[in-house]
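The report below follows the strands of one chain, then turns to its core and to a few unusual backbone sites. Please keep the sequence and the structure in view while reading.

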Amino acid sequence: MLLRRLVALVAAGILATTVAMIWPVSSGAATAAVDIQDSRFVAAAITIAPGDTVTWTESGRGTHSVTADDASFDSSPSCPGTCLGNGSVFSHTFTAAGVYHYYCHIHGGPGGQGMSGTVTVLAAATTTTTTAPTTTLPGTSPPATTPPTAAAAPPAVSATAALTG
Ligand SMILES: [Cu+2]
C-alpha cells in the first residue's frame, strides 16, 4: 500500500523531470528568429519581451554581421574580415526594454542604413490584467469585520492540585 504510493510518487517525479528536460519553454523566456538573407534581415523589425533571445541565422551566400548601433552586441566585431557565413548562427538575449537598432557591417550602417533591422523589447509589465468593475449598491455596505476575539485561555491546571486531589 505505502510502497505502491511511493512508487507512484517516484514515477511522477521522473515524468515531471523528463517533461522539464524536453520542454525547455517552461521558464517563460522565448526565442525569436531572424533570417539573414542577401542582403536583408527577415523580419527586419521584431518585437519581443524582456529576457527573450533573438537568434539570427545566416541563410544567404554572402557574409554579413549583426551589429548593434549602440555596440551593445556584435556578432562579428572584425567584419569585414571575419563575418557570418552561410549557416552561421548568432544569438543575443535582451533584458532591458527599448528599441535596438542593428545593421550589417558590409551592407548597412547605423541609423537604419541599408541592411539593418530593429528589435523592440517591450516593457516588463506586459501581462494584461482585467479588473472587474466594482459596483457598490446603495445601503448595502458590507458589515464591518470585527476581528475574532482571542479564545479564552484555558484555566491553568495547578500541578499541586492534581497531586493532592
Ligand atoms: Cu550584409
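In which sense, parallel or antiparallel, do β3 and β8 pair, and over how many bridges? In this predicted model, β3 and β8 run parallel and are paired over 4 bridges. Along this pairing, I46 stands opposite V119 in β8, and I48 stands opposite V121 in β8.

**The two sheets**

The pair belongs to an open sheet of 4 strands with the order β3-β8-β7-β5 and mixed pairing. Because β3 (45-48) and β5 (67-68) stand at the edges with a single partner strand each, one side of each is left without a neighbour in the sheet. Within this sheet, β7 and β8 run antiparallel and are joined by 8 bridges, with H101 standing opposite T118 in β8. The two strands form a hairpin with 3 residues between them, and G111 in the turn has a positive phi of about 85 degrees.

A further open sheet, likewise of 4 strands and with mixed pairing, has the order β2-β1-β4-β6. Here β2 (40-42) and β6 (89-93) are the edge strands, each with a single partner, so one side of each has no neighbour in the sheet. From one strand to the next, the twist in this sheet averages 25 degrees. Strand β1 (residues 31-37) and strand β4 (residues 53-58) run parallel and are joined by 6 bridges, and V34 stands opposite W56 in β4.

The strand pairings with a bridge count can be set side by side as follows.

| Strands | Sense | Bridges |
|---|---|---|
| β1 and β4 | parallel | 6 bridges |
| β3 and β8 | parallel | 4 bridges |
| β7 and β8 | antiparallel | 8 bridges |

**The nonpolar core**

In soluble globular proteins, nonpolar side chains tend to be buried together. The largest nonpolar core in this model has 14 residues, and those with the most contacts inside it are V34, I36, V54 and W56. Two or more residues are given to this core by each of the elements β1, β4, β7 (98-109) and β8 (113-121). Leaving aside residues up to four places away in sequence, V34 touches F41, V42, A43, I46, V54, W56 and G117, so that list, read with the pairing above, includes W56, the residue that stands opposite V34 in β4.

**H107 and its surroundings**

Is H107, which lies in strand β7, buried or partly exposed? H107 has 18 C-beta neighbours inside 10 Å and therefore counts as partly exposed, since a residue is buried only if 20 or more such neighbours are present. When residues up to four places away in sequence are not counted, H107 touches S39, H64, G114 and M115. H107 also lies 8.4 Å from R40, C-alpha to C-alpha, although 67 residues separate the two in sequence.

**Unusual backbone sites**

S39, one of the residues touched by H107, lies in the loop between β1 and β2, and the peptide bond from D38 to S39 is cis, with omega near -10 degrees. A cis peptide bond also joins C79 and P80, with omega of about 5 degrees, and P80 is found in the loop between β5 and β6. The loop between β5 and β6 also holds A71, whose phi is near 65 degrees, a positive value in a residue other than glycine. A71 counts as exposed because it has 9 C-beta neighbours inside 10 Å.

Methods. Residues are numbered from 1 along each chain as its sequence is written. This is a predicted model: local features need pLDDT of at least 70, side-chain atom pairs count only at pLDDT 80 or more; totals for chains, interfaces and linings use all residues. Two strands pair if DSSP finds at least two bridges between them. Axes are lines fitted to C-alpha atoms, for helices over the stretch in contact, and angles run from 0 to 180 degrees between N-to-C directions. A nonpolar core is a set of buried Ala, Val, Leu, Ile, Met, Phe, Trp, Tyr and Cys residues joined through C-beta atoms within 7 Å. A residue is buried if 20 or more other C-beta atoms lie within 10 Å of its own, exposed if 12 or fewer, and partly exposed in between; C-beta atoms are placed from the backbone. Two residues are in contact if their C-beta atoms, placed from the backbone, lie within 7 Å.
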